Every structure is written in C-alpha cells, then in structure tokens.
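Biologist: I would like a close look at a single part of this structure, explained step by step for someone in the first year of study. Could you choose one helix and describe how it is placed?

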Number of protein chains: 2
Amino acid sequence: MPQKPFVSAQEVAERAGVSRSAVSRTFTPGASVSPETRRRVVEAAEALGYHVNHLARGLMRNESGIVCLIVSEMSTPYRANLIRAMTQQLQNAGKIAMLINTDRSDGSVDLALRQAIRYRADASIILSGMPDRSITQLCLKNGQRLVLINRDDDQQGPLRINLDDAEAAGRVVTAFVRAGCRRLAFANSQAGTPSLMAREHGFVAAAKTMGLPVRVERHGPTDYESGRVLAQRLLTLSERPDAVFCATDLLACGFMDAARHQFRVAIPDQLCVVGFDDIEQAAWSSYDLTTFAQPVEMIAREAVAWLVNESGQAAGDDSVRFQPNLVWRSSVRGG
Amino acid sequence: MPQKPFVSAQEVAERAGVSRSAVSRTFTPGASVSPETRRRVVEAAEALGYHVNHLARGLMRNESGIVCLIVSEMSTPYRANLIRAMTQQLQNAGKIAMLINTDRSDGSVDLALRQAIRYRADASIILSGMPDRSITQLCLKNGQRLVLINRDDDQQGPLRINLDDAEAAGRVVTAFVRAGCRRLAFANSQAGTPSLMAREHGFVAAAKTMGLPVRVERHGPTDYESGRVLAQRLLTLSERPDAVFCATDLLACGFMDAARHQFRVAIPDQLCVVGFDDIEQAAWSSYDLTTFAQPVEMIAREAVAWLVNESGQAAGDDSVRFQPNLVWRSSVRGG
DNA sequence: TTGTATGCGTTATCAA
DNA sequence: TTGATAACGCATACAA
C-alpha cells in the first residue's frame, strides 16, 4: 500500500526555485538549459533523491524503453547465454529488458505478448514458441517491433533471425564420412521446433545424396535425459551406428555419458558424435564435443540494432541468416 | 518514432457508448459495473484490440507491478535456474520481472537500482553484488522493497535470504572423515563473496575442531576453468590431498575433469570431492557429484511472498535462513 | 450503477 | 533560455 514516497519534478523545481519545465529539460538530453539553472536543478535533485519517472515519461513520449524477452526453458545453457547477451546489448542501447517466462501453458506466448502490450514495450523478442498470427499482427499494428529468433516463420513485419541449420547439418555428414563412418544416426527430441527439424531434415537429405541411410530417433524434451534415452535406443540396435548427430549439445552430453558409462563405447574410436549450440559444457574435457557454435553475440547485436533503428520498419528484407561455425573437438575422428 | 498506435479507454468508451470510467471499472477487479455495461465494454475492447496501459495505471496507483532482478553472470547454471524460478513465481503473483545485467563495471549494482527507481519498480531482488548503503536506503525510502539473496548483509529493511553455509561446510568434514580421508583441501575462487567465504571458513573451522589441517587454495573467477587450475595446484603437491571441498559445483566439475583426465586420479577411490549448488550438471553421470542442493524454489517462493505481502514492512525479523540439503552421489566413498 | 471532474508525473508547445 | 499550459491514459472521489 504505497503512499507518495517518490519525489517528483515539482518538488525539485520548488527547491531549486525554477519551473517544472526547467527540471524536465535538465534531464532531457539535448534540451536547452543554462549552466546555472542546470546546476541548481541537479543540486536540488541530488539532495531530494529525485529520479525521472520512466512510467510518466513513457506515457508522454509513447516510448517506454522496455523490450520484452519471451522465453521458455530459460535455465538451459544456450537460452541463458542468449538472455545474458540480449540484456547486455539492450542496456548498451539504453533499453531495459522485461523477462517473461512461458514455461507453463501452450498459449502462454500469446499471453506474454499481451503483457508486453500492456506495458507498452517498444519491442518484443521471442526466443521460444510461436505466437498466434493474430496476436503478432496486433503487436505490429500497435507499433511494437517484433523479433523472432530461430523461429523460421514466414510472417512479414517481424525481424527473423535464423541459422542455416540444414546447411550445417549437411557438413556433419561430410565430416562423418571423412572419419570413415557409414552407419549414421540422428538423435532428436520430440519438441519439433523449426530449428531442430531443419537439422534433422538437412542431415537426412545430405546423407541420402551420398547414398547413406540414416537411423532417426526422437524422444521427449530437448534435454540431457532424453540424450541418455536416445543412446539406449540407438546403441542396443543389432546394427549399432558408428556416428550420431545430436540435435543439441544437451542431447549430445546425455548421449555420450550413456554411451561411455553404460555401454562402454569409446568415443571417437567406436562412435563419432556431433552436437549443436556449443554450450559451455561442450568444451568441458569430459565431453570435448565437436559442435556448431551459435553466434550468440552477433544475434543479440543484430536484434538490438534493428530494434533501435529509427528508419521506420521498411529496412528492406527483415530477415537475417547466420552460418553456424563448426568447432572441431575430439568427439569426431580426424578433424 | 511511434505515433499514436495504441487504442485508449476513451476510444473503447465511445464505441461502447459509455463513459471512460465504465471502461476503467470493467478492467478493475472488484469494481462495480453492471453485466450489460461490462458486456458492451468487453465487446468494444475486443474489437478495437484494447489493452490497459500499465504505465498509466502504475502512475495512478503508484504501483507498477514491476520487480527488478539484478544479477551478474546470469548464464551460469545456478543463477539461470534462480532467475527461472523467480520469474515464474513473480508471474504467478501477478508481477512482472525486469532483468538487469550487472556484468560490466563494479558500481553497476547501484546503477541498476537507480534504473529500478526510475521505472518505479515495486521491489528489487539482488542476486549478486553488494549495493552501496546509501542507495539501498534511497530505495527503501522510496517505498521500494528489497530482497538480498545470499548477500549476508546486516542492513535493516531488506529481506535477507541466506543459506547456512558454515554449518553445511561442517557436515562435509564429517563426511570426509567417515570416508577415511585425512588430507583435506578447500578449493575456492577469488570472488570473495560472503557465501563462498562462509563455506571456506566453516570448513576450515570444523576441520580444526577435529584436529585436521586444511589446505586452502583460491584462484580466479567462480567457474569451470578455475576448478581446473585449482586441481593443478592441489594435485601437484608433494602431499596430495585425498579430499577436496569445492566452493561451487562449477569449480568441482573443472576440478574433477582435470583430476581424472590430466592426473589420472580415481574418484572417489583416491580422491573424494564435494561441491555446492547442485546444478544440473552435478547429476550428469560424468560427475555424479555429491553436493548441497540450494532450495531454489523455496527461495523464490519466500522472496515473492514477502514482496507481495501487504502488511507494511514490519513483518518482524526480515531474515530467512535455509539449510541446504546434502545430496549423496558417488564422488565420495561410503555415503 | 453511472457519469463528471480531478490528479498522477512527465514532456511538448508556445509565448515571453 | 524560461515558464505557463496542454496533453498522455488511467483511476477514483463524488454527485447523480
């Protein structure tokens, strides 16, 4: 039950013996105010503990400075790292991040966007889930900018940042073949997101052109435990694969652990493994996993640069595509 | 350069043929409005795509619904998990999280709190760093609630949530002794935060009462790489330790990897290891680390419950203490 | 239950 | 450069 604890520009003005406008101008970059007036205002503000009310400022300027980050499973290494990069870039650009967790229900991405509208966020960045078309249209109509990361949607209006998953997956086939592998497998979750499916299809397609069949297995959520289950499925086959491409590093870690500790499979001697994301753990020496590095910093930079760009929304093609970098480590022979 | 894209209550009122107040009341829980009026308002709002402006509402009510999360190194497993739990709990309580990254400079916690004040956040939750006393006083004076997680500060006013680190550390000595270990070591970073130091001191003190000396080593930031370095230091001693308590799981993972892969030390046969935090990776079978589980969900629940609690700030003693749970795994003999 | 009028803390406009 | 005044969108005291 808050009273009126915050000090207003009015009070500062009175103490400094100037008008509210003078106070406002003092805290508005690029406004004209005399050095003497500024000094008195700053002094009074300091003494009173005055801070500009961004709620009111946002109301006036119709620009809150808020950018919504909409994300599920935010504690997984890749997501957490992306959030870190995003908040940092946003702050550098003078914006502030509002974080919305969509772990609960399925329509919660829409709910999150509604929340973004209520707080008059200047923009929303969607890291997971797919919003309904009607709600994205509502955002855009309300002048709110939208960024979709790895969503691979074909909607016009939002900025779409994607990786070339299929092309990357193709490179894995080449690597496996060079390492002398012939019995390929793909380990995926059942999440079915565009990125994951693109990796799967890209891998299968590239293998097909080389005349190699691929055993595809899918299971559960995209996490460590699913990786273990997938290893149990693939390593108990009569025809055991000698190379596995896991859709993410988390799956790969689980897969490798089960392969080594449960099935006594030597990596890379008996089995080559490749992951995706280059999470921190991939570099840990227990895994030393060959994987694709997502250009997290570039993604964040690109997204924020587009958001703060004043040139309307017509910046030509609002779609950016990055090539993930293959990081060679010891989970694949040769290299 | 946003125009006037958002639809206001005024427009809804006109379309519904009622007054602005009627619209306001329709969206204010517990306000008196007739079913018929409500129906017409809701219909008009739906058609126009109206959403209450929380900036304006916050201005009126002097309550923004915003809670600031101030955190550094937010992509580390423990922090990321705490952020996830916090955002979830906040949303359940009808609040929204604003995330501020303080990775950059040292005074940035103060800067973050200033930002929180500017957005008139109802509360701030500090997960890392120590704010200056003057700035916390400013927050409190402005009616903003403050929660300090694992900061172990003695300030009055904020809610302080802490673990009993020292007591937990004492239990590790007992476990090591039971496992037959005699040459104890403590591996710490140079961060010097209250939690880490409490673990160190608690461990050393408990060992002393049992007449056992402890080799303490500190190095770098609190991460995986430091764990490796610490292993290099401790495992090249002429008198090699047979038990190591690492201040965090991240340090422990690095330590174990270096111990096994670089020094061919068998865990737990030749060396017992205990960590702290129970991050997800601690349960991965490459580590299977005995460690202390932080009650993350309870911490988040407690913090949010205190924040939304209407009963002034005089809820007696604003300090909560949790006992971390020792999770037994295979990095310690016996168990 | 409904409408009218007032105020929340800003910034933008305009005249001085 | 400065100050008075009008918005911004909403909630609420009060009168009807």
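Modeller: What follows is a look at one helix of chain B, and after that a short word on how the two chains are related. Please keep in mind that this is a predicted model, and that the values below are computed from it. The helix is α12 of chain B, which runs over residues 296-308, and at 1.5 Å for each residue its 13 residues should span 18 Å, whereas the C-alpha atoms at its ends are 19 Å apart, which agrees with that expectation. Its buried residues, meaning those under 20% relative accessible area, are B:Val296, B:Ile299, B:Ala300, B:Ala303, B:Val304, B:Trp306 and B:Leu307. When one looks down the axis of α12(B), these buried residues fall within an arc of 160°, so they line one face of the helix. That leaves the matter of what lies over them: the elements of chain B that cover the buried residues of α12(B) include the helix α5 (77-92) and the strands β1 (66-71), β3 (123-126), β4 (145-149), β5 (159-163) and β11 (319-322).

Turning from the helix to the pair of chains, a rotation of 180°, with 0.0 Å of shift along its axis, superposes chain A on chain B with an RMSD of 0.1 Å. The two copies are therefore related as by a two-fold rotation axis. Among the residues of chain A, A:Met98 comes closest to this rotation axis, its C-alpha lying at 2.2 Å. The same surface serves both copies, since 100% of the contact residues of chain A recur in chain B.

Terms used. Residues are numbered from 1 along each chain as its sequence is written. Chains are lettered from A and ligands numbered from 1 in the order in which they are written. This is a predicted model: local features need pLDDT of at least 70, side-chain atom pairs count only at pLDDT 80 or more; totals for chains, interfaces and linings use all residues. Side-chain values use heavy atoms; hydrogens and water are left out. Helices (H or I, at least four residues) and strands (E, at least two) are DSSP runs, numbered from the N terminus. The expected span of a helix is 1.5 Å times one less than its number of residues. Buried means under 20% relative accessible area, exposed over 50%, partly exposed in between (1.4 Å probe, protein chains only). The arc is that of the directions from the helix axis to the C-beta atoms. Contact means heavy atoms within 4.5 Å. Copies are superposed by least squares on the C-alpha atoms of residues with pLDDT of at least 70 in both.
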